[in-house]
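Q: Could you take me through one part of this model up close? I'd like to see how a single strand sits among its partners and in the packing around it.

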Amino acid sequence: MNLSPGDKARKVSGADSMQAADPGLDKVSDLASGTPAVMRIADVGIDPFVQLFRPAGLALSSVAAGQAIPGSHWGDDEAGLIGCTLYIRDDTPVHSALHEAGHWLLMDADRRANLHTDAGGTAAEEDAVCYLQILLADRIPGMGRSRMLADMDRWGYSFRLGSARRWFVGDAEDAQATLMLHADAIDSAFGTLDYSPVVPID
Ligand SMILES: [Zn+2]
């Protein structure tokens, strides 16, 4: 499935077909900017990401406000990947940083060596990355998996069951299984993650 960069509804997990971005998006938009009110790097700081990904070998590079983000496949404020560096800006959404990092984490050395801008990956990897970004949200103080799920809906990630939360708790067995194939590498980087599809009550 190829969508042009900038289409915020490009990530489809457990979906039969692409759906339009959530028509309710406006309700949660920042009225000043017209962009979805999702948690951004500036809200949580860059340090948690530096600490989180250092053991895995993924470096963080902070891009100055107003500068284009190197290696950003989707453009705008979304995170970029070149080699073993994740590029983020203060206005980069947390979900975007964790998503792109997730692709990097699931890549083999060959893909990492040739990585520039387009993370690529299979549909199965896309699902696993979506699952992983939800788990890793628990490692970002102030974020957590519940907020991640809400932000994915706000951004326009599209799921067959209609929301990221419903997908995560009830339709993500395939994603979980794919992720478990990488569990040793993931756990060696992050310590044992809680892979259970459980979301705390808000
Ligand atoms: Zn992806």
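A: Happy to; here is a walk along strand S4, from its pairing to the core it joins. Bear in mind that this is a predicted model.

Let's begin with the strand itself. S4 covers residues 85-89, and four of its five residues are buried.

Next, the pairing. On one side of the story is strand S2, residues 59-63, which pairs with S4 in the parallel sense over five bridges. Within that pairing, Ala59 has Thr85 of S4 as its bridge partner. Thr85 also stands opposite Ile82, a contact that belongs with strand S3. S3, residues 80-82, runs antiparallel to S4, and three bridges join the two. Together S3 and S4 make a hairpin with two residues between them. Gly83 lies in that turn and has a positive phi of about 55 degrees.

Now the packing. S4 is among the elements that give two or more residues to the largest nonpolar core, a set of 45 residues. Leu86 is one of the members that touch the most other members, a group that also includes Ala97, Ala101, Tyr131, Leu132 and Ile134. Helices H2, H3, H5, H6, H7 and H8 likewise give two or more residues each, with H5 giving the most, at eight. As background, nonpolar side chains in soluble globular proteins tend to be buried together.

Ala101 offers a good view of how S4 meets its surroundings. Beyond its neighbours within four places in sequence, Ala101 is in contact with Leu86, Phe53 and Leu58.

Note on methods. Residues are numbered from 1 along each chain as its sequence is written. This is a predicted model: local features need pLDDT of at least 70, side-chain atom pairs count only at pLDDT 80 or more; totals for chains, interfaces and linings use all residues. A nonpolar core is a set of buried Ala, Val, Leu, Ile, Met, Phe, Trp, Tyr and Cys residues joined through C-beta atoms within 7 Å. A residue is buried if 20 or more other C-beta atoms lie within 10 Å of its own, exposed if 12 or fewer, and partly exposed in between; C-beta atoms are placed from the backbone. Two residues are in contact if their C-beta atoms, placed from the backbone, lie within 7 Å. Two strands pair if DSSP finds at least two bridges between them.
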